[in-house]
Amino acid sequence: MLLKSLELQGYRNYEALQLSVGSGVNIFIGPNAQGKTNLLEAIHVLALTKSHRTSKDKELIGWNASAAKIRAELERKHGTVSLELQISAQGKKAKVNGLEQRKLSGFVGSLNVVLFAPEDLDIVKGAPGVRRRFMDMEIGQVHPGYLYDLQQFQKVLQQRNNYLKATDLSRSSPEMLEVWNEQLAAYGVKMMKRRQNFIHHLQQWADKIHAGITGDTEKLTVEYRPSFGQAQDGVSQDESSLFKQFMIKLTQNKEQEFRRGVTLTGPHRDDLAFFINGKDVQSFGSQGQQRTAALSLKLAELELMREEIGEYPLLLLDDVLSELDQTRQTQLIETFQSRVQTFITTTGLESVNMSKLRDAAVFHVRNGELMR
């Protein structure tokens, strides 16, 4: 998969930009707050129709613009693809080869990316929400149906939570709660099965990559931890069995949920656990081990996505090389070199091991303008 050209109009601090990029490594260099990350964000938004930096679409629209447009030409294994995404106060419109898509879920997957930013080093040691977001973003790209289940689950969850907050248990309607419970469990089970399958395959790649980085001295294990049952219990069962467990747990938690005004069971409470040689990395691993585990996870995404879609996605490295020591930086560069089209942002080339990079295209960014 190759991004051949990128065009921005009214996007953040880019009034108008037309950019042709190299097929290998592309480095965007410049001081902070000049628009480097905005470029990578635009590519990410084109892939997932949402930003990794903000949930407010209006922030993507430039000060003097009524709408933001992102256009790109891609070369995929089945031919050239033209993509366009328009973001305005009225919502989003997406086109593939000039044809408007009725649903954004039909647009997602046209472009695939793996983003690695400094905050991704917190996948291992950060809050559970970071790890859930990681799963949602990556699964959604290769299985757009997952995004639909996620959106429907979130709608039901919000309605159910609002009801729990506004109603006492003694005055609640069992019939109404039963409807929400069934919908929550139906969408939730589909999400859990997708997550289980994703982590199972990701673990295999991550362990292999981690072994390479550590010289076969450490074994990395990634476990999916659903919100009920022991680690990995139930998720290997069929959906009907898991649905029953979900409904039972909702019934058991009913009094506590009304008391707290929040739903306590479901994929919105799932988590991941990481082990190196059987030791919990989140609690007992060194910072170096945590970072190596996070790096292995991101590199595993590249391989898993290639396995799923038949070609490598784009790799977006947002100021992450400066956060890695020479050993980990070298491992990262050697992984994507000559295989994955890569976009790197940095404030200075001194933080990049240029001796390991071959034929990189370097762009200087200043005030929303680019120069070679």
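Biologist: What makes E9 and strand E10 (residues 271–276) a pair?

Modeller: Six bridges join E9 to E10, and the two run antiparallel. Two strands pair if DSSP finds at least two bridges between them, so E9 and E10 qualify. Strands (E, at least two residues) and helices (H or I, at least four residues) are DSSP runs, numbered from the N terminus. At one position along this pair, Glu 223 stands opposite Ala 273 in E10.

Biologist: Before we go on, what should I know about the model itself?

Modeller: This is a predicted model, in which local features need a pLDDT of at least 70 and side-chain atom pairs count only at pLDDT 80 or more, while totals for chains, interfaces and linings use all residues. Residues are numbered from 1 along each chain as its sequence is written, and side-chain values use heavy atoms, with hydrogens and water left out.

Biologist: How do you know how confident the predictor is?

Modeller: We read the pLDDT, the predictor's confidence in each residue, from 0 to 100. The protein chain averages 90, and 98% of the residues score at least 70. Residues 231–235 stay under 50. For that stretch the model has 17 contacts (heavy atoms within 4.5 Å) beyond four places in sequence.

Biologist: Back to the strands, then. Why are E9 and E11 called edge strands?

Modeller: They belong to an open sheet of three strands, in the order E9-E10-E11, with antiparallel pairing. Strand E9 (220–225) and strand E11 (279–280) each pair on one side only, and these are the edge strands.

Biologist: And which strands does E1 pair with?

Modeller: Strand E1 (residues 2–11) is joined by six bridges to strand E2 (residues 14–20), running antiparallel. E1 also pairs with strand E4 (residues 67–76), again in the antiparallel sense, over seven bridges. Set against the minimum of at least two bridges, both count as pairs. Some facing residues help you find your way: Leu 8 has Leu 17 in E2 as its bridge partner, Tyr 11 stands opposite Tyr 14 in E2, and Gln 9 is partnered by Lys 69 in E4.

Biologist: What makes Arg 12 worth a look?

Modeller: Most residues other than glycine have a negative phi. Arg 12 is not a glycine, yet its phi is positive, at about 50 degrees. Arg 12 lies in the loop between E1 and E2, a hairpin with two residues between the strands. Thr 49 also has a positive phi, near 60 degrees, and sits in the loop between H1 and E4.

Biologist: Now the spaces. Why is one space called a pocket and another a cavity?

Modeller: Both are sets of points on a 1 Å grid over the protein atoms alone; in a cavity a 1.4 Å probe fits but cannot get out, whereas a pocket is an open set with protein on both sides within 12 Å along at least five of seven lines. Lining residues have an atom within 4 Å of a point. Grid points are joined across faces, edges and corners, and the volume is the space filled by probe spheres set on the points.

Biologist: What lines the largest pocket?

Modeller: Its volume is about 360 Å³, and 17 residues line it, with Lys 50, Ser 51, Arg 133, Met 137 and Leu 150 nearest its centre. Helices H1 (36–48), H3 (128–142) and H4 (144–166) each supply at least two lining residues; H4 gives the largest share, four.

Biologist: How do you know that both domains take part in that lining?

Modeller: Domain bounds come from an automatic or database domain assignment, which gives domain 1 (1–112 + 315–371) and domain 2 (120–312). The lining draws at least three residues from each. The C-alpha centres of the domains lie 28 Å apart, and 22 residues of domain 1 are in contact with 21 of domain 2.

Biologist: And how many cavities of 30 Å³ or more are there?

Modeller: The search of the whole structure finds one, with about 110 Å³ of space. Its lining includes Glu 138, His 143, Arg 194 and Phe 198, and H3, helix H5 (174–213) and helix H9 (287–309) each supply at least two of the residues.
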